[in-house]
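Hi,

Here is the structure I promised to pass on. Have a look at it first, and then read my notes below.

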Amino acid sequence: MHDRTIDGEIFVFGNQGGLFMNAMTWFDHQTGSVWSQVWGQAIAGPLKGTTLDLIAAAIVPWDTWKSQHPETLAMTTGKSGGFSRTEPLSGNWVAGIVLGEHSKAFDFRALVRQGIVNDFVGPFPVAVIADRDTRDIRAYLRQVDEKVLTLSLTDDGETLVDGETGSQWRLLNGLGLQGELQEEALLPIPYISSFDWAWLDFHPDSEIYR
């Protein structure tokens with residue numbers, strides 16, 4: 001998911017109908033530039049080289065999202081049935097993170113096996129959390145001011161605790177709940193869900209955490 005604001009103007013995008021490195025491309029209605037979905041970057045046309053800001057988002061089953069955000073309204077096609085994603089995110093599925101010049105992808109099976117992974121993407125300390133049942137993935141910068149935190153999941157599966165101050169954090173949004181850092185918040189990190197081979201097409205120098 002990307003912010004479609006460019007230099008203060010809100011752009012309208014559509015499916016360009018072609019593939020770039022086996023991934024879907026967009027076009028913008030204002031200039032006709034062609035955009036890479038994975039990079040969020042214009043690859044041809046007047047805006048070539050322009051990059052959209054990635055927004056933190058989640059790809060989860062509807063039941064998972066609805067339980068977390070019960071007031072959500074959903075747009076449908078108007079057809080019966082609708083889109084459903086119920087297959088397990090297994091095999092070679094990864095959550096890919098790009099921070100500055102650095103990139104790293106986290107294998108979904110490794111994430112659910114460990115529950116939470118404290119790691120680095122380049123110099124940036126991150127925590128990536130995955131739930132096997134809900135298939136929800138969360139990623140946070142595990143640093144507050146100059147303090148790097150080591151996070152773990154509590155037994156309720158809805159709260160994080162850091163080993164440095166004992167503060168507790170809400171898993172859903174990274175807000176401090178209690179403890180020394182109660183008034184602070186962990187910064188959410190956007191990630192891209194992808195097959196590992198597709199991720200490496202666009203980020204060939206990326207590490208993959210397995």
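**Around Asp162**

Let me start with Asp162: leaving aside neighbours within four places in sequence, Asp162 is in contact with Leu149, Thr150, Leu151, Ser167, Trp169 and Leu181. Please keep in mind throughout that this is a predicted model. The residue sits in strand E15, which covers residues 159-162. What caught my eye is that Asp162 is buried and yet has no salt bridge. Which side chain of opposite charge is nearest to Asp162? That is Lys147, at 7.5 Å, whereas a salt bridge would need the charged atoms within 4 Å.

**The nonpolar cores**

The largest nonpolar core has 18 residues. Those with the most contacts inside this core are Ile97, Phe106, Val126, Val128, Ile137 and Ile189. Two or more residues each come from strand E7 (93-99), helix H2 (108-114), strand E9 (116-121), strand E10 (124-130) and strand E11 (137-141). Of these, E7 gives the most, with four residues.

If you would like one residue to click on here, try Ile189. Beyond four places in sequence, Ile189 is in contact with Ala56, Ile97, Leu99, Val126, Ala139, Tyr140 and Leu141. Another core, of 12 residues, lies apart from the largest one; Ile129, Leu151, Leu160 and Leu186 are among its members. Leu151 brings us back to the start, as one of the contacts of Asp162.

**Aromatic pairs**

How many aromatic pairs does the structure hold? There are eight. One of them joins Phe20 and Phe202 in an edge-to-face arrangement, with 6.0 Å centre to centre and 65° between the planes. This pair links distant parts of the chain: Phe20 is in strand E3 and Phe202 in helix H3 (residues 196-202), 182 residues apart. The two partners also differ in their surroundings, since Phe202 is buried at a relative accessible area of 6%, while Phe20 counts as partly exposed at 24%.

Phe195 and Trp197 form a stacked pair, 5.9 Å centre to centre and with 5° between the planes. Here Phe195 is partly exposed, at 39% relative accessibility, and Trp197 is partly exposed too, at 43%. Elsewhere, ring pairs link Phe13, Trp26 and Trp35 into a cluster.

**Two positive phi angles**

Most residues other than glycine have a negative phi. Two exceptions are worth a look. Asp7 has a phi near 50° and lies in the loop between strand E1 (5-6) and strand E2 (9-10). Its relative accessibility is 81%, so Asp7 counts as exposed. Met21 has a phi near 55° and is placed in the loop between strand E3 (13-20) and strand E4 (23-28). With a relative accessible area of 33%, Met21 is partly exposed.

**How far to trust it**

The average pLDDT of the protein chain is 89, and 93% of the residues score at least 70. Where is confidence lowest and where is it highest among the elements? Helix H1 (residues 62-68) is at the bottom with a mean of 80, and E9 is at the top with 97. E9 is also one of the strands that give two or more residues to the largest core. Please take care with residues 82-88, where pLDDT stays under 50; for this stretch the model has seven contacts beyond four places in sequence.

Happy to talk it through whenever suits you.

Best wishes

Note on methods
Residues numbered from 1 in each chain as written. Heavy atoms only, no water. Buried < 20%, exposed > 50% of the residue type's maximum accessible area, 1.4 Å probe, protein only. Lys, Arg positive; Asp, Glu negative; His and termini not counted. Contact = heavy atoms within 4.5 Å. Core = buried A, V, L, I, M, F, W, Y, C linked by side-chain atoms within 4.5 Å. pLDDT = per-residue confidence, 0-100. Phe/Tyr/Trp six-rings, centres within 6.5 Å; stacked < 30°, edge-to-face > 60°.
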